[in-house]
Amino acid sequence: MDSNYELLHDLTSPVVAITCLRGKRKNGMIVNSAMRASLSPDRPLVSIYVHKFTYSHDIIFETGKFALHVLDKSQMDVVYKLGFKSGREADKFKDLPHRTGKLGLPILKDCYSYFECEVVNAMDTGGSTCFLGSVVNGGSGGGTGVLESDHMRNAMSDEWKELYLKNLKVAQRFITERAGKIKPLIWKGLKS
Ligand SMILES: Cc1cc2nc3c(=O)[nH]c(=O)nc-3n(C[C@H](O)[C@H](O)[C@H](O)COP(=O)(O)O)c2cc1C
């Protein structure tokens, strides 16, 4: 394994929950690839990298919208609900308290902070798409501290760790196979 891969662990973001909506179907996932992408106080931007095999990818690509939630340290249960299985298999929102945001997206009732975003650009990376989102609404949820990636890794039970590593291997295979196939991508904006 390339030693740079290990060193790049230091560049993972806090653990955040992404939610999205297509028609009446709500979905959500976990990413640790979220970044503030603009310093402008008037035009805040965020970016996220989403693997192409996820259900959320299809929904965000089609609707051009997502909500990003910075999670609180106490919200490991949300990581498990959203980040360990696909919404293609089960409705993840059945037991997840939420409300409807200004863009119509599901907003988690509990979180450290949230941001409702419209996609304004996208970049193909081969195995994933980097979505650049313009923050159009947001708010603070309070809490005791942001759920950082290191904290999550240490707080996982052995059972979760095993599943996490299994899922990671599948994602790595998918991404490695597509790493050399990066296509130019022009974000055309929303159709409606
Ligand atoms: C801690 C953690 C970090 C993750 N980071 C990412 C990420 O940056 N990008 C990504 O596409 N998936 C990431 N995942 C995996 C997705 O959350 C997972 O594949 C999810 O089941 C996708 O759900 P969906 O198919 O319903 O969209 C992460 C999962 C965990 C637990």
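Two strands pair if DSSP finds at least two bridges between them. Strands (E, at least two residues) and helices (H or I, at least four) are DSSP runs, numbered from the N terminus. The model is predicted: local features need pLDDT of at least 70, side-chain atom pairs count only at pLDDT 80 or more, and totals for chains, interfaces and linings use all residues. Residue numbers start from 1 along each chain as its sequence is written.

**Exercise 1. Find the partners of strand S5 and place S5 in the sheet.**

Step 1. S1 and S5 run antiparallel and are joined by 4 bridges. Ala17 has His69 in S5 as its bridge partner.

Step 2. S5 is also joined to strand S8 (residues 113–124), by 6 bridges, and these two run antiparallel. Here Leu68 stands opposite Phe115 in S8.

Step 3. The open sheet has 7 strands in the order S2-S1-S5-S8-S9-S4-S3, with antiparallel pairing. Strand S2 (25–31) and strand S3 (35–36) each have a single partner strand, so one side of each lacks a neighbour in the sheet.

Step 4. Helix H3 (residues 76–83) packs on this sheet and touches strand S1 (16–22) and S2. Contact here means C-beta atoms, placed from the backbone, within 7 Å.

**Exercise 2. Decide whether the residues of S5 are buried or exposed.**

Step 1. A residue is buried if 20 or more other C-beta atoms, placed from the backbone, lie within 10 Å of its own, exposed if 12 or fewer, and partly exposed in between.

Step 2. In strand S5 (residues 65–70), 6 of the 6 residues are buried, so S5 is largely enclosed by the rest of the structure.

Step 3. Lys65, Ala67 and His69 point one way from S5, while Phe66, Leu68 and Val70 point the other way.

**Exercise 3. Trace Leu68 into the largest nonpolar core.**

Step 1. A nonpolar core is a set of buried Ala, Val, Leu, Ile, Met, Phe, Trp, Tyr and Cys residues joined through C-beta atoms within 7 Å.

Step 2. The largest such core has 35 residues, and Leu68 is among those with the most contacts inside it, together with Val16, Ile18 and Leu71. S1 gives the most to this core, with 5 residues.

Step 3. Not counting residues up to four places away in sequence, Leu68 touches Val16, Ile18, Ala34, Val46, Ile48, Tyr114, Phe115 and Cys117.

How values were computed: Contact = placed C-beta atoms within 7 Å. Axes fitted to C-alpha atoms, helices over the stretch in contact; angles between N-to-C directions.
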